[in-house]
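Grab a coffee and open the viewer. Here are some exercises to work through with the structure beside you.

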Amino acid sequence: MAVITARFLKRGLQLFALVSLLGVVGLLIYSNAWQSTFEAVTRLHPGWALAMLALASLDWFGGGLRLWLLTKRVYRDTPFMPMVLSAGLNAWGALLTPSQTGGGPIQIFVMKRAGVPIPESTTSSLMSFVATVVFFAIVGPVAIVFGAGRSLEQHGIPLVSLSFLDLFRASAGVFAAIGALMLFIMVAPGLTARLFHAVIGWLERHRGEKMAKRVDDLRSGVDRMQDCMVAYIRTPLGLAATLGGVITSALAHANKLLAGWVVLRALGIHANLTDVLLVQTTIVFLLYFAPTPGASGIAEALSAALMSVYVPRDLLPAYTLLWRFTVSYATVGFGSYVFYRFLSGQLDRANAAAPAPELA
């Protein structure tokens, strides 16, 4: 399993790097801003450059704090630093796989190695996602109610008769639909468990003796997940842990929400924080399930298009490069180092132990 994961994520890393590089180079060619980009990057404000690094680290420490709070509710002996590692590698795996599909399995894998049983780690990972959906469902409407984004109504999207605010509302609707599904799973854990048991029964009947041997473990795992979900939603401590997960989602996603404004300040550009925050929230919504690793290519183009309201054309490549460093490149680079250290040479040992192919 570790060998397959390493190979798969190594390919994702290569694709992410290639497409991201092509996106930035394409933007440089389109804007003809090679010199201004170099000058802008070399003249960053030091304090704001440090703030970019601090934001990048919140993929690990903000996400780790949230995961630790949630997992502690269902597994008392949950250690803190391995949850930081799990959350960081979750973000890393999500960036290297289409539609972020690799993040959850990597997180559960690392949690299991830290001693958290799979039913508990799976349920707490699901609750982390629920906390994310609830957090964005709250932040977006509250920002609009308090007046953020009014100026964005004056800015439209090229070739489309929509304002940025219209785009935000449309993308928020997708999250609302996902939230409704998560709410169903939370309020009806018994029905959800019965659906899982039906699938397990089908596997037992149609997938032979090998699968039948695993059915008891699967059934007990589903029952334990149901108990964990009940512990989150039907007890005061569980509700408090869920609320804590929603609150700490602000830290877990701070790099994505604040990166745009911090990079603007690092480049010496002043802009309204609340309006930039709303644009960044829109970008997060639209990129959350992008079909390329880390939304590479799509993210560069979308961010440049939406942030062109604030960023002069000759600084757009520099802004895009620094923004991507804060929200993804830093995590991808450090996560790659941690992951391959984490595997401790398992891939090389497995390749060495594999039988040599027969020559025709």
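What follows is a set of exercises on a predicted model, each with a worked solution.

**Exercise 1. The main core**

Find the largest nonpolar core and work out which helix gives the most to it.

Solution. Start with the core itself: it has 34 residues. Those with the most contacts inside it are Leu264, Leu267, Met307, Val311, Tyr319 and Trp323. Next, look at who supplies it. Helices H3 (46-74), H11 (254-266), H12 (273-287), H13 (298-307) and H14 (316-343) each bring at least two residues. H11 gives the most, with seven residues. Now zoom in on Met307: leaving aside residues up to four places away in sequence, Met307 touches Leu264, Val276, Val279, Gln280 and Tyr319. Finally, don't miss the other core, which lies apart and has 13 residues, including Val84, Trp92, Leu95 and Val332.

**Exercise 2. Trp48 and Trp261**

Classify the ring pair of Trp48 and Trp261, then say which parts of the chain the pair ties together.

Solution. The structure has six aromatic pairs in total, and this is one of them. The ring centres are 5.4 Å apart and the planes stand at 90 degrees; edge-to-face means over 60, so that is the class of this pair. Then place the residues: Trp48 sits in helix H3 and Trp261 in helix H11, so the pair joins parts 213 residues apart in sequence. As for accessibility, Trp261 has a relative accessible area of 17%, and because the cut-off for buried is under 20%, Trp261 counts as buried. Trp48, at 26%, is partly exposed.

**Exercise 3. Trp60 and Phe334**

Do the same for Trp60 and Phe334, and find the cluster they belong to.

Solution. Take the geometry: 5.2 Å centre to centre and 75 degrees between the planes, another edge-to-face pair. Trp60 is in helix H3 and Phe334 in helix H14, 274 residues apart. Trp60 is buried at 8% relative accessible area, whereas Phe334 is partly exposed at 46%. Last step: ring pairs link Trp60 and Phe334 with Tyr337 into a cluster.

**Exercise 4. The two sides of H2**

Which residues of helix H2 are buried, and how are they arranged around the axis?

Solution. List the buried ones in H2 (residues 34-42): Ser36, Thr37 and Ala40. Now look down the axis of H2: these buried residues fall within an arc of 100 degrees, so they line one face of the helix. To check, turn to the other side of H2, where Gln35, Phe38 and Thr42 are exposed.

Key:
Residues are numbered from 1 along each chain as its sequence is written. This is a predicted model: local features need pLDDT of at least 70, side-chain atom pairs count only at pLDDT 80 or more; totals for chains, interfaces and linings use all residues. Side-chain values use heavy atoms; hydrogens and water are left out. A nonpolar core is a set of buried Ala, Val, Leu, Ile, Met, Phe, Trp, Tyr and Cys residues joined through side-chain atoms within 4.5 Å. Buried means under 20% relative accessible area, exposed over 50%, partly exposed in between (1.4 Å probe, protein chains only). Helices (H or I, at least four residues) and strands (E, at least two) are DSSP runs, numbered from the N terminus. Contact means heavy atoms within 4.5 Å. Rings of Phe, Tyr and Trp (its six-membered ring) pair if their centres lie within 6.5 Å; planes under 30 degrees apart count as stacked, over 60 as edge-to-face and the rest as tilted. The arc is that of the directions from the helix axis to the C-beta atoms.
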